[in-house]
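Trainee: I keep meeting words like "buried" and "partly exposed". Could we go through where such labels come from, using a real example?

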Amino acid sequence: MQTVMYTDTIFGPIHSRRLGSSLGVNLMPRDGKICSFDCLYCEAGFNAQGPGKAGMPSREQVRAGLEARLAELKEAGRPVDNITFSGNGEPTLHPDFAGVIDDTIALRDRYYPGAGVSVLSNATMLHRPEVVEALRRVDHPILKLDSAVDATAAALDRPVGPYSVERVISQLHDFGPQAVVQTMITRGDGVDNTTGAEIDALIDAYRRIAPGSVMLYTIDRPTPDTTLKRVPRVELDAIAERITAATGLSVQVSG
């Protein structure tokens, strides 16, 4: 079974296809995975591997680790374009997510005031006011919508609890132009969000959400479901052009 990718709370910086020199923050256990999705494509593996024994790092541990790494990088003259929350699961599940965000913004302002703070989220916790308020304080809330068709979202993302595309679209709309909507484009056995009907549904959803931009990407590393396929860049570009023509939105493509 594929296992977790990140064995530290603070990792990198790594070169991100979307965010440049990105210093990562993993709010989930170092030895397990906790997520409200169980995506077929998750690079950290399936949830069945379990949450591990280490537990989530405390707010104080995250702050101390982040400050130490930022100070080290600053001293070495290394660039940091973004401090990015991702890791072994959904970062907004952390019980002190809002406090961690406040600490991170303060540390960013002290050490790398030109850097952004980004959160990669599957948007399942947007019913929690404290999560929404924290996401509004970051520079780049990158919020997932892989399909605007409930059946496809269920098959591809495999939500752990109740999930409604219509509800998520409404919640994303509340973010307006601050939001970046991120969509994984892929196909495999029993799932395909590249069809004309799927793209039409996404276009309608993007139009209703009216985000600042859309981020399309495809598989870049091995996935737990080995039937999933990487979508060629030429096809991604064609989908992006279709979305822009229909909505006027800026679409960033990685693939």
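**Where the labels come from**

Trainee: Let's start big. Of the contacts in the protein chain between residues at least 6 apart in sequence, what percentage join residues at least 24 apart?

Mentor: That's 73%. Keep in mind that this is a predicted model. The chain has 7 helices and 11 strands.

Trainee: What makes the radius of gyration agree with a compact globule?

Mentor: Set the two values side by side. For 255 residues, a compact globule would have a radius of gyration near 18 Å, and the protein chain has 18 Å, so the two agree. Its C-alpha atoms fill a box of roughly 50 × 40 × 35 Å along the principal axes.

Trainee: Now a single residue. Why is Thr84 called buried?

Mentor: The cut-off for buried is under 20% relative accessible area. Thr84 has 3%, so it is buried. You'll find Thr84 in strand β3, residues 82-86.

Trainee: Which residues does Thr84 touch, leaving out those up to four places away in sequence?

Mentor: Leu19, Ser22, Leu23, Gly24, Val25, Ser118 and Leu120.

Trainee: And why do we call the link between the side chains of Thr84 and Ser22 a polar contact?

Mentor: A polar contact needs a pair of N or O atoms within 3.5 Å, one able to donate a hydrogen and the other to accept it. The Thr84 and Ser22 side chains are joined at 2.7 Å, so the distance fits that limit.

Trainee: Buried or exposed: what about Ala123?

Mentor: Buried, because its relative accessible area is 1% and the limit is under 20%. Ala123 sits in the loop between β4 (116-121) and α3 (129-137). Its phi is near 70 degrees, a positive value in a residue other than glycine.

Trainee: Why does Ala210 count as partly exposed, then?

Mentor: Buried stops under 20% and exposed means over 50%, with partly exposed in between. Ala210 has 39%, so it falls in that middle range. This alanine lies in the loop between α6 (196-209) and β9 (213-217), and its phi, near 55 degrees, is also positive.

Trainee: How do you know that Pro232 is partly exposed?

Mentor: By that rule again: Pro232 is at 42% relative accessibility, so it gets the in-between label. Pro232 lies in the loop between β10 (229-230) and α7 (233-247).

Trainee: And for the whole chain, what percentage of residues count as buried?

Mentor: Of the 255 residues, 55%.

How values were computed
Residues are numbered from 1 along each chain as its sequence is written. This is a predicted model: local features need pLDDT of at least 70, side-chain atom pairs count only at pLDDT 80 or more; totals for chains, interfaces and linings use all residues. Side-chain values use heavy atoms; hydrogens and water are left out. Helices (H or I, at least four residues) and strands (E, at least two) are DSSP runs, numbered from the N terminus. The radius of gyration is taken over C-alpha atoms; the globule rule is 2.2 Å times the number of residues to the power 0.38. Buried means under 20% relative accessible area, exposed over 50%, partly exposed in between (1.4 Å probe, protein chains only). Contact means heavy atoms within 4.5 Å.
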